[in-house]
Every structure is written in C-alpha cells, then in structure tokens.
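Student: I would like a close look at one part of this model, and I would be glad of a connected account rather than a list.

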Amino acid sequence: MEPQKKLVTLTVNGREVAEYVDVRESLLELLRNHLGLTSVKKGCEVGECGACTVIVDGETIDSCIYLAVWAQGKQIRTLEGLMGPNGELTKIQEAFIEEGAIQCGFCTPGFIMSATVLLERGEQELTRDMIRKYMAGNLCRCTGYENIINAVQKADKERHS
Ligand code: FES
Ligand code: FES
C-alpha cells in the first residue's frame, strides 16, 4: 500500500516551510531528513532521552514521538534557530562551553533547547533543584549533569544580574 502523504505548512526558525510528509513520519524526521536540521538528534525514538527536543509554540517536546502532521501551522524552533545573524551564540550556549558541559555532545542540542525555554520563562532565580527537575527529560550518557546544571545556573544568574 502506498504511504499516505500530506502537505504540512509550518514555521521553522522563523521561516515558513511547506513539505509533503508521510502521515506516519515524526517531526524529528521532517526536521532532519526534509530540512537538514541535524542538531535534532535521533536517540531512543521512544520519548525517553530528550536528544530530539525542539520547541513547538513555546513548549519543549520530544520530536521523535510527535507526528509531523501535528506541526501544521505551528512555530518550531531548533538549535539552528538560536544563532545570531553573524553566528553569535546565545548566553546558554556560551555557558555550556565555559562550564565544560559538553562531552560527546550528542545530548547537547536537546539540553540547550530545554534550557532555552526554562530561561525564557523564568521569572525567579532558578535553584539547582528546579533546573534538575525541569531537565529531567533530557538524558546525558556521558553523565555530565553537574556541569550542565552549572551552565544553566550561570546563564540564569547573568540574566538576573
Ligand atoms: S530520540 Fe526522542 S526522546 Fe529519545
Ligand atoms: S555529552 Fe555525551 S550524551 Fe551528553
């Protein structure tokens, strides 16, 4: 049986795109395979590791378990969209580098996207427990958690200074 295709129109990193997708395809596959946004990592593919985390209408989601067709009309942000016009990094990306919060780097885009939402939301200064709790859906196999939390806390402190 021929796969059923559907046209999906969505905004990705500020740019409107329209793609024909297989109705069974995930948003992860749309972003990586159709649009070449390879910061979106394919890890467990069952919503457990957070490597595929992207922002959909301001909320973090695991794009491996989110159908591409559900993204119709939505605003999607990936790590590629955080970069400034001249390749500038965001404060949270700089903090990850400064704190050595990257080992193999596979989990890093997902962590950065989760941290981005947390920092954009945060009215109050974040405690380590708050950061740990919010980032619980992102796993790091290199176990760099302490440095990751240090990095998020550093970026948060800069935001409040
Ligand atoms: S690849 Fe999506 S949660 Fe692991
Ligand atoms: S830095 Fe390797 S999985 Fe996190």
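How many residues lie between β1 and β2 in their hairpin, and which residue in the turn has a positive phi? Please go on from there to the sheet around it and whatever packs against it.

Tutor: Some groundwork comes before the reply: residues are numbered from 1 along each chain as its sequence is written, while chains are lettered from A and ligands numbered from 1 in the order in which they are written. This is a predicted model, in which local features need pLDDT of at least 70, side-chain atom pairs count only at pLDDT 80 or more, and totals for chains, interfaces and linings use all residues; side-chain values use heavy atoms, with hydrogens and water left out.

The hairpin of β1 and β2 has two residues between its strands, and the turn residue with a positive phi, of about 50°, is Asn13. Asn13 has this phi although it is not a glycine, and its place is in the loop between β1 and β2, where strands (E, at least two residues) and helices (H or I, at least four) are DSSP runs numbered from the N terminus. With 27% relative accessibility, Asn13 counts as partly exposed, on a scale where buried means under 20% relative accessible area, exposed over 50% and partly exposed in between (1.4 Å probe, protein chains only).

The two arms of this hairpin, β1 (residues 5–12) and β2, run antiparallel and are joined by eight bridges, and two strands are taken as paired if DSSP finds at least two bridges between them. Within that pairing, Thr9 has Ala18 of β2 as its bridge partner. Thr11 also belongs to β1, and it counts as buried at 15% relative accessibility. If neighbours within four places in sequence are set aside, Thr11 is in contact with Glu16, Lys74, Gln75 and Ile76, contact meaning heavy atoms within 4.5 Å.

The hairpin is part of an open sheet of five strands with mixed pairing, in the order β2-β1-β5-β3-β4. The edges are held by β2 (15–22) and β4, each with a single partner strand, so one side of each is left without a neighbour in the sheet. From one strand to the next, the twist averages 40°.

Further along the sheet, β3 (residues 53–56) is covered on both faces, with Thr53 and Ile55 on one side and Val54 and Val56 on the other all buried. Two antiparallel neighbours flank this strand: β4 (residues 59–62), joined to β3 by four bridges, and β5 (residues 75–77), joined to β3 by two. The bridge partner of Val54 in β4 is Ile61, whereas Val56 stands opposite Ile76 in β5. A hairpin is formed here as well, with two residues between β3 and β4 and, in its turn, Asp57 with a positive phi of about 45°.

Helices lie across this sheet. α1 (residues 27–34) lies across β1, β2, β3, β4 and β5 and runs at about 110° to β2, whereas α3 lies across β3, β4 and β5 and runs at about 35° to β3; such angles, from 0 to 180 degrees, are taken between the N-to-C directions of axes fitted to C-alpha atoms, for helices over the stretch in contact.

α3 has helix partners too. The axes of α2 (residues 91–98) and α3 (residues 108–121) come within 10 Å and cross at roughly 130°. The two helices are therefore oblique to each other, since angles under 35 degrees count as roughly parallel, over 145 as roughly antiparallel, 65 to 115 as roughly perpendicular and the rest as oblique. In their contact, Ile92, Gln93 and Phe96 of α2 meet Thr108, Phe111, Ile112, Ala115, Thr116 and Leu119 of α3.

With α5 (residues 145–160), α3 packs at an angle of about 30°, the axes being 11 Å apart. Phe111, Ala115, Leu118 and Leu119 of α3 make this contact with Tyr145, Ile148, Val152, Ala155, Asp156 and Arg159 of α5.

Just before α2, Thr90 lies in the loop between β5 and α2, partly exposed with a relative accessible area of 22%. Thr90 and Thr116 are 26 residues apart in sequence and 9.2 Å apart in space, C-alpha to C-alpha.
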